[in-house]
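Biologist: I'd like to learn how to read a structure like this one. Can we go through it feature by feature?

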Amino acid sequence: MRRVAIQGGLGAYHGIAAENFFEEEVEIVPCITFRDIFTAIKKEPNTIGIMAIENTIAGSLLGNYELLKENKLPIAGEFKQRISHCLAALPGQTIHDIKEVESHPIALMQCTNFLDTLPGVRIIEHEDTALAAKDVAEKRLQATAAICSVRAAEIYGLNILARGIETNKHNFTRFLIFGNKWIVQEIQQNEVINKSSIVFTLPHTEGSLSKVLSVFSFYGISLTKIQSLPIVGREWEYQFYVDLKFSDLERYHQSLDAIRPLISELKTLGEYPEGRQSEL
């Protein structure tokens, strides 16, 4: 059984995405923070990490790009998980009993329309959706509900008061799967590599980014995402995190060689197959 480190507790969307990516049951290693995932891999090198990188509603998790760069663990793949929230509370509680709702800030934001139908309810931010459900169950919190996955509600024995409460039903989170090189090689056996994530910096000169993009266009490389982040200590200079999609691996590598004279500090975070998408 694969050992997978996630941010959050049992029933978290990270764990659900891991099971859907591998299409099998996995051993979950719960971590409090995203940085803790990398610590877990250092302690047990055969551990695989999975980490959210962007959401169709909330956008990119910029700090997670930095963690990937800092820790130098290559990306093995990606998975796009449909996020569907429920409202769950202790057995015997009804929606009319609820005075407080706990969940991760992003989950709360994704359910604002539903929460607006609960006047007078106090909203409390929590570090994780599944851990919010765990707190309600273990602390026997009366009049308190958690916004979490159906899986989390079932694991912690909570009663589901409402399902599908997210405002946007096209709510997906993209997760990246990563680990030590030998783990990545094993995961990618017999897979077609057609996507990559890279990061580079540019000189502070006019047209520097457009020149790089022109090179990618010439080689038939598609940009599926570009995200800029300021470089700490270097005012008005930026690093660019870019996701690339291609059909010819050799042409892709040629494009990287072609942009090297135009950029500095190029780093490949991973080359991997384009991810599948799950409904639940």
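Modeller: Sure, and keep in mind that this is a predicted model. Let's start with the cysteines: the structure holds 0 disulfides.

Biologist: Why is there no bond between Cys 86 and Cys 148?

Modeller: A disulfide needs two cysteine sulfur atoms within 2.5 Å. The closest cysteine sulfur to that of Cys 86 belongs to Cys 148, and at 4.1 Å it is too far for a bond. Cys 111 is in no disulfide either, as its nearest cysteine sulfur, in Cys 86, is 9.4 Å away.

Biologist: Are these cysteines buried or exposed?

Modeller: Buried means under 20% relative accessible area. Cys 86 is at 0% relative accessibility, so it counts as buried. Cys 111 is also at 0% and buried, and Cys 148 is buried with a relative accessible area of 0%.

Biologist: Where is Cys 148 found, and what does it touch?

Modeller: Cys 148 is found in strand β9. Leaving out residues up to four places away in sequence, Cys 148 touches Tyr 13, Ser 84, His 85, Cys 86, Ala 88, Thr 129, Ala 133 and Ala 153. Take His 85 from that list: its C-alpha atom is 5.4 Å from that of Cys 148, though the two residues are 63 residues apart along the chain.

Biologist: Thr 129 and Ala 133 are on that list. How many residues of their helix, α6, are buried?

Modeller: In α6 (residues 129-138), 8 of the 10 residues are buried, so the helix is largely enclosed by the rest of the structure. Those buried residues are Thr 129, Ala 130, Leu 131, Ala 132, Ala 133, Asp 135, Val 136 and Ala 137. They pack against three helices you can look up, α1 (13-22), α4 (105-110) and α7 (150-155), and against the strands β6 (86-89), β7 (100-103) and β9 (144-148).

Biologist: Now helix pairs. How do I describe two that pack together?

Modeller: You give the angle between their axes and the distance between the axes. Take helix α2 (residues 34-43) and helix α3 (residues 62-71): their axes are 10 Å apart, at an angle of about 25 degrees. Angles under 35 degrees count as roughly parallel, and α2 and α3 are therefore roughly parallel to each other. The crossing of α2 past α3 is right-handed.

Biologist: Which residues of α2 and α3 meet?

Modeller: From α2 you have Phe 34, Arg 35, Phe 38 and Lys 42, and from α3 Asn 64, Leu 67, Leu 68, Glu 70 and Asn 71. Sorted by class, that contact has 4 nonpolar, 2 polar and 3 charged residues.

Biologist: And how do α9 and α10 cross?

Modeller: The axes of helix α9 (residues 208-218) and helix α10 (residues 249-259) come within 9 Å and cross at roughly 155 degrees. The two helices are therefore roughly antiparallel to each other, and α9 passes α10 in a right-handed crossing. On the α9 side, the contact is made by Val 212, Val 215, Phe 216 and Phe 218; on the α10 side, by Arg 251, Ser 255, Leu 256, Ala 258 and Ile 259. The classes here are 7 nonpolar, 1 polar and 1 charged.

Biologist: Last one, backbone angles. What should I look at?

Modeller: Look at phi in residues other than glycine. Glu 23 is not a glycine, yet its phi is positive, about 60 degrees. Glu 23 sits in the loop between α1 and β2 (27-31) and is exposed, with a relative accessible area of 64%. Lys 72 also has a positive phi, about 55 degrees, without being a glycine. Lys 72 lies in the loop between α3 and β5 (75-82) and counts as exposed at 62% relative accessibility.

Terms used: Residues numbered from 1 in each chain as written. Predicted model: local features only at pLDDT ≥ 70, side-chain atom pairs only at ≥ 80, totals over all residues. Heavy atoms only, no water. Buried < 20%, exposed > 50% of the residue type's maximum accessible area, 1.4 Å probe, protein only. Axes fitted to C-alpha atoms, helices over the stretch in contact; angles between N-to-C directions. Helix = DSSP H or I, 4+ residues; strand = E, 2+ residues; numbered from the N terminus. Parallel < 35°, antiparallel > 145°, perpendicular 65-115°, else oblique. Left-handed = near helix turned anticlockwise from the far one by under 90°. Contact = heavy atoms within 4.5 Å. Nonpolar A, V, L, I, M, F, W, Y, C, P; charged D, E, K, R; others polar.
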